[in-house]
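Here are my notes on this model, in numbered points. Please read them with the structure open.

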Amino acid sequence: MTLLNDRTEEILQQDGHLVHSFSDLHSLGQEGARTVISSAEGAYVYNEQGDKFLDGMAGLWCVNVGHGRNEIADAVAEQLKTLDYFSTFYNLTHPAAASLAQRLTDLTPANLNNVYFGNSGSVANDTAIRVLHYYQNRLGNHRKKKILSRIGAYHGSTHLAIAMTTPVYRAGWESADELVHFLSSPCAYHHPDNMSESEFCDFLLDEMVRDIEKVGAENIAGFIAEPIMGAGGVLVPPAGYHERTAKVCKDYDIKLISDEVVTAFGRLGAMFASESIFNIQPDIICTAKGLSSGYQPISATFFSDEIMDVVAAEGNRFLHGMTYSGHPACCAAAHANLDILENEKICQHVQSAGPHFEKQLRALSDLDLVGDVRGSHFMMGLEFVKNKSTREYYDEDVAVGMRVSQHAQQRGLIVRPLGAMIVLSPPLILTIEQIDDIALKLRESIVATMDDLAKL
Ligand SMILES: Cc1ncc(COP(=O)(O)O)c(C=O)c1O
């Protein structure tokens, strides 16, 4: 990497006023931000000095169609020139929101024919819970409000979404704790009790049923689950888990909310993973990120007809709304993004290139530091351990994930450090050559980290 230039120094000075999400503000105040990304094209981003990095995170799990797509920028500009803003409050609407609602509900699993637009995954999930609570109220189920979530989950950082998120993400912060009941993480690697995959699945289902009986189904409105947990560490459930939890939800009249903020719009090779990949029919699906590939902030929460029939019954009022819900420019970005996903057959590309990505990353498990490689298609994580057979971790302050990610950055690859892990969720347009390049750079970075650790 080249030395910082004057312009970068100036940006870092200005950045002293910026409150960074999920950061250690004290250290940032002393050391300043490290990475200034100024431009992007395809699968690559560039810093102010012109150094090139392969964007192994697609921004923040979101730039599905890759960076620098003029079609999306042009569609947004065109829309702003035609209709800059209008609301969808009350009886108002505009063509961009109406046509996007039609287009998306044509793509969702059957009976999810109703969509509410927001501006983030957090808001998509908050919307799901607010509407579900109102649904229960209208049915007279005034106590049926609790949400089942899972350890390891990440559902956002607004007040309801963070309450459903695994506790480490809100340590010391206020949270609506009474709203949520947590079940175990479905990741087998963190339950090293020598269980087979199917025994582990049985264990999780037994716990779910036991906890529902304990809390009382009459107190539980919904179960929220990411098909594959992302920010919690790419936690993949055992085979059959989603189908079986969906059945338990049906049996106990608990609504199933699928948080597809990361998994929708191609990341696993399908527009929606719930039905196409995991064979479940949720009552609510929450999406954001890949809906516009991050070009504009837009989220969509889809509701079943059964829920909406109750919510929209005569005499009821939908008392939920945000100024920028269905913003014309965001809807235009989503339309242009969907055009690319469809015209360039991005899901088919992920179906064929995704297994190669998986294979290349799984090949890294021959390295002593690599305890686990998990994930699916373009959503992968590597977990690092001190001892493979005991799964013992390095002390937290060794920051092994950060070390690997810094070595990767020096080699022109951005990956996300996450404790003892790194996670990868690259743009979905990666070529086979780019995938092989990622695997090579990661191997070198992990070996360099092992050299560092040997010197500690
Ligand atoms: C599964 C999941 N749900 C919800 C969110 C929150 O989305 P946002 O950051 O857009 O509020 C995220 C963000 O990473 C996510 O991964």
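1. Start with helix α5 (residues 95–107) and helix α12 (residues 328–343). Their axes lie 9 Å apart, and the two helices pack at an angle of about 40°. That makes α5 oblique to α12, since an angle between 35 and 65 degrees falls outside both the roughly parallel and the roughly perpendicular ranges. The crossing of α5 past α12 is left-handed. Bear in mind throughout that this is a predicted model.

2. Which residues make this contact in α5 and in α12? From α5 come Ala96, Ala97, Leu100 and Arg103. They meet Pro328, Cys331, Ala332, Ala334, His335 and Leu338 of α12. The contact of α5 with α12 counts eight nonpolar residues, one polar and one charged.

3. Next, the domains. The domain assignment splits the chain into domain 1 (35–65 + 345–454) and domain 2 (71–343). Domain 1 is thus written as two segments, 35–65 and 345–454. The C-alpha centres of the two domains are 27 Å apart. Domain 1 gives 27 residues to the contact, and domain 2 gives 22 residues.

4. What elements give two or more residues to the side of domain 1 that touches domain 2? They are α3 (58–61), α13, β11 (370–376), β12 (379–384) and β15 (421–424). The largest share of that side comes from α13, with five residues. By class, this side of domain 1 holds 14 nonpolar, nine polar and four charged residues.

5. Helix α13 also packs on another helix. The axes of α13 (residues 346–362) and α15 (residues 432–454) come within 9 Å and cross at roughly 15°. The two helices are therefore roughly parallel to each other, as angles under 35 degrees count as such. Their crossing is right-handed. Ala353, His356, Phe357, Gln360 and Leu361 of α13 make the contact with Ile432, Ile435, Asp436 and Ala439 of α15. These residues divide into six nonpolar, two polar and one charged.

6. Helix α15 has a further partner in helix α14 (residues 400–410). Here the axes are 8 Å apart and the packing angle is about 125°. That makes α14 oblique to α15. The crossing of α14 past α15 is right-handed. On α14, the contact is made by Val400, Arg403, Val404, His407 and Ala408. On α15, the residues are Lys441, Leu442, Ser445, Ile446, Ala448, Thr449 and Asp452. The classes here are six nonpolar, three polar and three charged.

7. Taken together, α15 presents two sets of residues. Ile432, Ile435, Asp436 and Ala439 of α15 take part in the contact with α13. Lys441, Leu442, Ser445, Ile446, Ala448, Thr449 and Asp452 of α15 take part in the contact with α14. Please check both sets in the viewer.

8. Last, the ligand. Which of the 15 residues around the ligand come nearest? They are Ser120, Gly121, Ser122, Gly156 and Val261. Helix α6 (residues 121–138) gives the most to the shell, with three residues. The shell around the ligand divides into six nonpolar, seven polar and two charged residues.

Key:
Residues are numbered from 1 along each chain as its sequence is written. This is a predicted model: local features need pLDDT of at least 70, side-chain atom pairs count only at pLDDT 80 or more; totals for chains, interfaces and linings use all residues. Axes are lines fitted to C-alpha atoms, for helices over the stretch in contact, and angles run from 0 to 180 degrees between N-to-C directions. Helices (H or I, at least four residues) and strands (E, at least two) are DSSP runs, numbered from the N terminus. Angles under 35 degrees count as roughly parallel, over 145 as roughly antiparallel, 65 to 115 as roughly perpendicular and the rest as oblique. A crossing is left-handed if the near helix is turned anticlockwise from the far one by less than a right angle, and right-handed if clockwise. Two residues are in contact if their C-beta atoms, placed from the backbone, lie within 7 Å. Ala, Val, Leu, Ile, Met, Phe, Trp, Tyr, Cys and Pro count as nonpolar, Asp, Glu, Lys and Arg as charged, and the others, Gly among them, as polar. A residue is near a molecule or strand if its C-beta atom, placed from the backbone, lies within 6 Å of it. Domain bounds come from an automatic or database domain assignment.
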